[in-house]
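This report considers the overall fold of one protein chain and the surroundings of its ligands. The sequence and structure are shown first, and the description follows.

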Amino acid sequence: MNFQFEAALVVDPVMVSTSGDVLAGPSILAEFREELLPMADIITPNLKEASALLGCQQLKTVSDMRSAAKLLHEMGPRYVIVKGGDLPDSLDAVDVFFDGQDFYELRSSRIKTRNTHGTGCSLASCIAAELAKGSSMLPAVKVAKRYVETALDYSKDIAIGNGTQGPFDHIFRLKSNGQKSHRQVGFNPSDLFLYAVTDSGMNEKWGRSITDAVKAAIEGGATIVQLREKDAETHKFLEAAKACCEICHSHGIPLLINDRIDIALACDADGVHVGQSDMPASVARTLLGPEKIIGVSCKTIEQAHQAWIDGADYIGCGGVYPTNTKANNLTVGLEGLKTVCKASKLPVVAIGGINASNAGSVMETAVQNLKGVAVVSALFDRECILTETRKLHAVLKTAASMTLQRTH
Ligand SMILES: Cc1ncc(COP(=O)(O)OP(=O)(O)O)c(N)n1
Ligand SMILES: Cc1ncsc1CCOP(=O)(O)O
Ligand SMILES: [Mg+2]
């Protein structure tokens with residue numbers, strides 16, 4: 001089976017702008033309905049465009065938007081998002097996403113600003129860019145929505161031009177010095193760079209609390225943390241998870257919970273990591289909603305494809321090398337890792353027996369979609385977590401810059 005990237009068509013049926021300007025006449029409607037909608041992967045109408053395409057009354061409620069999304073889906077596109085930015089009496093900006101089976105209400109806070117010119121075009125373009133990078137549809141839409149929301153917030157006070165509407169700043173990220181003071185909502189694949197996975201047994205062995213272990217890993221350069229507390233009692237795990245959430249978020253680092261969706265929900269963690277015999281990722285997605293991060297362990301192309309269909313955000317692939325941390329774990333080797341990475345439509349983090357001596361070899365494979373390494377014992381079964389995390393971080397940085405030099 002071949003799961004290579006295929007081109008995707010994003011159709012923004014531009015007819016009525018946010019400001020109410022009519023941008024296309026009725027003659028274009030037939031073209032949209034008969035030509036473009038059937039071949040589109042996703043269409044992105046606003047409320048007025050959706051009712052124009054359907055030839056129906058104004059859409060006034062989220063329930064109207066759901067019905068419209070379903071009817072538009074019957075006209076041919078694989079996915080539909082009806083944008084509810086103009087919905088009356090709504091505190092949030094609610095968009096309805098429909099994949100032919102399930103509806104998702106994607107909410108973001110309504111930014112009060114006159115600088116909203118071009119938001120629809122930007123959303124559609126950002127979806128197209130994310131799909132081109134290999135994302136699946138729902139994550140692409142979420143990233144695009146978050147991008148527009150953040151750009152609007154960043155630009156809400158800028159004063160350019162004289163009209164009732166102003167433009168917003170698309171390149172705000174380049175101006176913020178890459179500083180991350182707060183965690184950005186949602187998933188950024190580069191977070192997988194140095195993935196620290198805790199282990200209750202190792203902390204006990206070295207006489208450390210989970211929170212001290214997490215603090216040291218973050219100080220050493222961990223870019224994401226997973227609490228993998230196999231033996232912890234539930235109430236103690238929850239207390240520790242809440243404390244780790246605070247620590248991680250104050251450093252702009254996402255916190256995921258291994259296996260336990262209930263703990264993730266109870267402490268409002270950023271997401272979960274599940275394996276092939278845990279809660280299926282599709283169910284985890286339903287329980288956690290569209291905004292949370294979901295990682296899935298995959299050893300094969302088929303599992304990677306399923307993870308993508310199930311709405312996961314990333315794949316953990318391994319054991320790359322033999323490990324004592326997970327009993328009876330099959331080693332897939334560097335070749336197995338490369339096979340999964342090449343077939344995956346999701347970003348991948350390598351796991352299993354990785355340490356400062358072999359992490360360079362893993363990253364220098366420079367295989368597509370590989371974003372980083374996940375490590376347990378090489379950080380947490382050591383005397384000084386801070387020193388070991390710093391060492392691994394330095395190795396990964398060197399490997400990343402060697403790869404960059406090689407490819408330029
Ligand atoms: C990043 C990452 N990748 C893989 C795993 C393994 O998950 P799973 O297969 O469910 O095994 P357990 O960790 O639950 O024993 C992981 N935890 N993290
Ligand atoms: C949880 C897990 N999943 C695949 S290998 C592994 C263990 C990784 O631990 P270590 O980094 O100590 O080898
Ligand atoms: Mg598991």
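How many helices and how many strands does the secondary structure of the protein chain comprise? In this predicted model, the secondary structure of the chain comes to 16 helices and 13 strands. The chain has 408 residues, of which 44% are buried, and among its contacts between residues at least 6 apart in sequence, 62% join residues that are at least 24 apart.

Eight of the strands form a closed barrel, in the order β6-β7-β8-β9-β10-β11-β12-β13 and with parallel pairing, and the twist from one strand to the next averages 25°. Within this barrel, β12 and β13 (residues 370-375) run parallel and are joined by four bridges; Val-348 has Leu-370, in β13, as its bridge partner.

The two ligand shells can be set side by side by residue class.

| Shell | Residues | Nonpolar | Polar | Charged |
|---|---|---|---|---|
| Ligand 1 | 17 residues | six residues | seven residues | four residues |
| Ligand 2 | 14 residues | five residues | eight residues | one residue |

Around ligand 1, the closest residues are Gly-275, Ser-297, Gly-316, Ile-351 and Ala-374, and the elements that contribute two or more residues to this shell are β6 (194-197), β9 (271-274), β10 (293-297) and β12 (348-351), each of which also belongs to the closed barrel. Around ligand 2, by contrast, the residues that come nearest are Thr-323, Thr-325, Gly-352, Val-376 and Ser-377, in a shell that includes one charged residue.

Note on methods:
Residues numbered from 1 in each chain as written. Chains lettered and ligands numbered in written order. Predicted model: local features only at pLDDT ≥ 70, side-chain atom pairs only at ≥ 80, totals over all residues. Near = placed C-beta within 6 Å. Nonpolar A, V, L, I, M, F, W, Y, C, P; charged D, E, K, R; others polar. Pairing = 2+ DSSP bridges. Axes fitted to C-alpha atoms, helices over the stretch in contact; angles between N-to-C directions. Buried ≥ 20, exposed ≤ 12 C-beta atoms within 10 Å, placed from the backbone. Contact = placed C-beta atoms within 7 Å.
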